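Hi there,

I'm passing a structure over to you, with some notes on what turned up in it. Have a look at it first, and then read on.

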Amino acid sequence: MTSGQLIDADALRTNGGMVHIRSACPTDHDALVALNAAASDRSIYLRFFAANRLAADSYVDVLLQPASPRHHALVAEIGGTVIGVAALDCDSDDSAEIGLLICDAHQHEGIGTLLLEHLAAIGRRMGIKQFVAEVLAGNSAMVQALRGLGFAFTGHLDFGVTRYLIDLYPSETMVTAMDSRDRTAELASLRPLLRPASVAVIGAGRREQSVGHQVLRNILRGGYAGSLYVVNPGHSQVLGVPCFPSAGELPEPPDLAVIAVPAEKVLQTATDCGRRGTGALMVLSSGFGESGAQGSAEQDRLVAITRQYGMRLVGPNCLGLIDTDETVRLNATFAPLSLTPGGLALVSQSGALGIAVLRASERVGLGISQFVSVGNKADVSGNDLLMCWEADERTQVIGLYLESFGNPRRFARIARRVSRTKPILAIKAGRSEAGQRAGQSHTAAAASLDVVVDALFDQAGVVRVDTMEQLLDAVRALSDQPLPAGPRVGIIGNSGGPGILAADAATAAGLVVAELSDELRAMLTSAAPTAASTQNPVDLGAAIQPSQTRAAIEALLNSGEVDSVLAVFTETLVGDPVELTHAVGHATGCSVRPLVLVQVGEQDRSLRLPCIERPLPVFSFPERAAQALAAAWRYARIRRLPQAEVRCPPEVDVDGAHLLISTWLAAGPSWLGASATATLLGMYGIELCPQRVVTSIEDAVSAAAEFGFPVAMKLADGTVHKTEVGGVRTDLADAAMVRAAYSEMVTGRAVDILVQPMVAGGTELIVGGLQDRQFGPVVMVGAGGIFADLLADRQFRLAPVGAADAEAMIAELRLGKLLDGYRGRPPVSRPALAQLLVRLGWLVENHPEIAEIDLNPVIGRGAQLVAVDAKIRLAAAAPRLDVTVRQLSPTAAQRLAAGGEQR
């Protein structure tokens, strides 16, 4: 067992305030005695089972024992004052007793639950499987804290004391309960930022081209509904708004302070705001993390100041934010943007790109609910905003522009939940990053940054788009139309050429151009007797009348043979384009199926017609319209996927695997030996072909005879491409062939040779995993054997994966027909392959020392999946954040204390 790293973290209370949680240290003695003194008699009684303050003070020395594999104590601080303490003490190898005391003034703020979350994470690292808590019958607060954790637990009442046993396994129930607490705290914490009742602009002057002046002008032009102040010691007023010399002299603590002063003045300004009781800061100033090491150090100091005073921070180096709610009407940016209300919430790391998207959204008539430019993401990030927009009734679609991920695994969990009710569209910059990973396995070589990002988005239910144009197109299709029930699209218009282009574009985007039934074609002919073609795409002809157009589109929408309609019309001298557009609008008004309109060569826009309640998405060319419909179908498919339960499979020997890995790693990083590899895989229920490592010809012949001919022989080292270096011999039918093969492979060298029985033919697959420095454990499945690199047919997901995720990976492979028994080949059980992925995912999740692992090939026949070759490379693992613990992104000092740079 190990006590792990010392804890040093900031977190949010349920009321949105900050609390600092850290490991206790000897200098806390007086603070803990003061905590006891401040506690009520009842709190002391409930904690120590007697109103004995002398015993409580004596226990302080026990709490302050050094952290060890048997003991760990945590304290909670607000504003530097210790207001809570919790500790665990092992009473057996896998069980620990816990205790908790929170000062009366801060009870019911979720602090006890936060301390217990961190204790549970420490306990799991120590090998503890359950906590024991003895609770007096009247201690309802402690019982509530234990229940709130979401862990499975049981209780036994004996003489007025209930002994609770808490299972520390992080189940779905536990994660759901934690997410609920996380949402509550985030919403309360970000209220001053996203719905501020008062704003102070610090640094606004009379120079019109200055950032502060432009922000103030935009706030005034937007008609901000709250109280507005300016901080500038050099003026009495700016743009008619009275000025105050400093934040400390403001007449009230502002909810939000917008800081637009030179970088060297930001820290003192933030301190002044904190002392005045400001709720949130938005720092527009540059010269921080984006400018190098010195700027990064200043940024960490800024974060430390905001945490000290309990403020949330957007930026630095950001553009600002917009809120179009009529009760707020805030444009706190320095860009020429309007406040057009709508359903799009947008977060952007790039201020310039955010401006471009919002200006483009104005041109097409697409409004926004909120926009936040997060800049350097020193504190508030997309993860925080996702949780707030999940609860915002005005927000229909969420757009993300990302250049980096602070906490990818938290993002995946939050986005997966949010995407169940609201579509999330994302642009991730950096697709073209050059270079491959330094790993030596097929999995590591294939896992470029971009494919792992794709895996993250797939797992999180996020629809990835490549361009700003695609994002806005998809937003219009998703916010203005029903979701398609499937991929079948009907194409209808008044010209053959554009219809054909639309069909090509739809197919390329992943939609299915449906084949229409004779019955439906007859209905189309009845609606439009002069139609040139009633096949899909339907060509109504250039002379089609509006009434006929409406009847034909209604027939298509109501047929049940298509899931969406792409209407493509070109303006002619024969028909009135306005009347045609109204006919399309009337046809789609009450439909439960989506329709998008292409007016070839005209302006892109969301068209509001008096005949329909929802806007009609209009595109200038069919390619963009098809992509927008395809994005809507991709999101609809996400909504239909079952919730993936992610649970470690039974009969897994985690402790044994830990011991094997740590023993092997004691000699330093290396490839795991063949025998140890087989043992480790067996601990996770992964079948490896029987094998024997031999060092002589006679041992090789003996092993072959024992297995039974034919056999295979291969080099037993970590070589990936054994066939390319002559390191594999197969179908050795007798002892003579074994002797000859051994001599050829050894050629005078001292090498180990692996002897295995030949596995009956089947489909060759590769299954692998690795530890990504940013994203954590990742799993892969794809075409195996010699086709692993040739076909490059593979899918990735972040580990651990549930069965549903694993089955989705398999379904996305191009070799699907082979798995199902193509041309007489033996089929491969998809559920069995999914279970293999689940088990391997938990292997790399539970053991971060597994730097990379390849099972290649895995030969599949029916439900039998046998790894013929396996390679595992071990390396010391960097500390990583526990996803079952709520905490704000760590500062540099906290990351250093934790022993790593992971955020």
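Which backbone atom does the side chain of glutamine 299 reach? Before the reply, please keep in mind that this is a predicted model. The partner is the backbone nitrogen of glycine 289, at 2.9 Å from the side chain of glutamine 299. Glutamine 299 sits in helix α9, which covers residues 293-308. With a relative accessible area of 13%, glutamine 299 is buried, because the cut-off for that label is under 20%. If you set aside the neighbours within four places in sequence, glutamine 299 is in contact with Phe288, Gly289, Pro316, Asn376 and Ala378.

A second polar side chain you may like is asparagine 218, in helix α7 (residues 211-222). Asparagine 218 has 8% relative accessibility, so it counts as buried as well. A polar atom of its side chain lies 2.8 Å from the backbone oxygen of alanine 335. Neighbours within four places aside, the contacts of asparagine 218 are Asn331, Thr333, Phe334 and Ala335. Asparagine 218 is also 6.5 Å from alanine 332, C-alpha to C-alpha, although 114 residues separate the two in sequence.

Next, the sheet. Seven strands make up an open sheet with mixed pairing, and their order is β17-β16-β19-β18-β20-β21-β22. At the edges are β17 (330-333) and β22 (463-464), each of which pairs on one side only. Within the sheet, β20 (residues 397-402) and β21 (residues 424-428) run parallel and are joined by five bridges. If you want one pair to look at, leucine 400 has alanine 426 in β21 as its bridge partner.

Last, helix α18, which runs over residues 546-558. Its 13 residues should span 18 Å at 1.5 Å a residue, and the end C-alpha atoms are 18 Å apart, so the model agrees with the expected value. The buried residues of α18 are Pro546, Gln548, Thr549, Ala552, Ile553, Ala555, Leu556 and Leu557. What covers these buried residues? Among the elements that do so are the strands β23 (488-493), β26 (564-569) and β27 (595-599), along with the helices α17 (518-527) and α19 (577-588). After α18 comes glycine 560, with a positive phi near 80°.

Happy browsing, and best wishes!

Key:
Residues are numbered from 1 along each chain as its sequence is written. This is a predicted model: local features need pLDDT of at least 70, side-chain atom pairs count only at pLDDT 80 or more; totals for chains, interfaces and linings use all residues. Side-chain values use heavy atoms; hydrogens and water are left out. Two strands pair if DSSP finds at least two bridges between them. Helices (H or I, at least four residues) and strands (E, at least two) are DSSP runs, numbered from the N terminus. The expected span of a helix is 1.5 Å times one less than its number of residues. Buried means under 20% relative accessible area, exposed over 50%, partly exposed in between (1.4 Å probe, protein chains only). Contact means heavy atoms within 4.5 Å. A polar contact is a pair of N or O atoms within 3.5 Å; within protein, one must be able to donate a hydrogen and the other to accept it, and residues adjacent in sequence count only if both atoms are side-chain atoms.
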